[in-house]
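Here's a quick look at charged side chains and how they pair up. Have the structure open while you read.

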Amino acid sequence: MIIYWLASYLIGNFLTAWWVGKWKGVDLRKELSGNLGARNAGAVIGKSAFLLTFLGDAGKSAAVVGLGFYFQFDLWVIALGGFFVISGHLFPLWLKGRGGKGIASFIGVTLFLTPSLFLVMFVVFFLFLPFVKSATLTMIFSYIAFLTAAVISQEILIVWPLGIAIVFIMAKHQKDVKESFENRFSKI
């Protein structure tokens with residue numbers, strides 16, 4: 001299990017945006033937000049960079065879940081692997097902790113580990129987005145829905161590591177949340 005968790009963190013260190021940027025001759029750490037995630041890759045390089053980065057980051061996380069199932073680990077062990085792959089993405093060792101913001105990685109983990117909880121999160125996101133008009137703020141409602149559904153279904157005993165990952169992801173989004181909140185509600 002410890003080897004699995006260590007491997008999960010190391011797999012998380014593979015930052016797709018860094019490789020896409022390298023391929024396009026752009027150091028995304030020096031552009032716009034400086035974030036090595038799909039959103040910044042898309043803003044700087046274009047839609048194809050967003051899609052490649054999103055799929056790469058979600059894919060590596062799904063692969064960690066797949067490995068856990070392959071080795072027939074308990075679900076809580078796989079959930080902890082999911083936490084470590086997300087942590088590796090957020091805080092890559094080789095980039096001194098300057099990674100992405102973890103949304104695509106979280107999606108990759110939850111889609112394959114807990115599809116029903118992912119569906120709740122997905123539906124809430126698209127229900128709230130037209131009213132909130134900010135993907136960043138809507139994400140907060142989605143995470144609350146994910147955790148609420150996990151408690152109601154008693155899956156929280158399995159996915160508790162993903163609750164911790166949500167805290168880390170929100171900490172990485174602190175500035176975005178503040179800006180989105182100010183932009184959204186300063187007009188009222």
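What follows is a short tour of the salt bridges and how exposed their partners are.

Keep in mind that this is a predicted model. Side chains of opposite charge can pair when their charged atoms come close. Here the count comes to three salt bridges, and the table lists them with their N to O distances.

| Acidic partner | Basic partner | N to O distance |
|---|---|---|
| D27 | R29 | 3.0 Å |
| D27 | K30 | 3.9 Å |
| D57 | K60 | 3.5 Å |

Let's start with the network. D27, R29 and K30 are linked by salt bridges. D27 pairs with R29 at 3.0 Å, and D27 also meets K30, with N and O 3.9 Å apart. That second distance still makes the list because the cut-off is within 4 Å.

How exposed are these three? D27 has a relative accessible area of 23%, which makes D27 partly exposed. R29 is partly exposed too, at 30%. K30, on the other hand, counts as exposed, with 68% relative accessibility.

Now for the remaining pair. D57 forms a salt bridge with K60, and their closest N and O atoms sit 3.5 Å apart. Why are D57 and K60 separated by about one helical turn? Because they are three residues apart in helix α4, which covers residues 47–70.

Are D57 and K60 buried or exposed? Both of them are buried, so each has under 20% relative accessible area.

Conventions: Residues numbered from 1 in each chain as written. Predicted model: local features only at pLDDT ≥ 70, side-chain atom pairs only at ≥ 80, totals over all residues. Heavy atoms only, no water. Salt bridge = Lys/Arg side-chain N within 4 Å of Asp/Glu carboxyl O. Buried < 20%, exposed > 50% of the residue type's maximum accessible area, 1.4 Å probe, protein only. Helix = DSSP H or I, 4+ residues; strand = E, 2+ residues; numbered from the N terminus.
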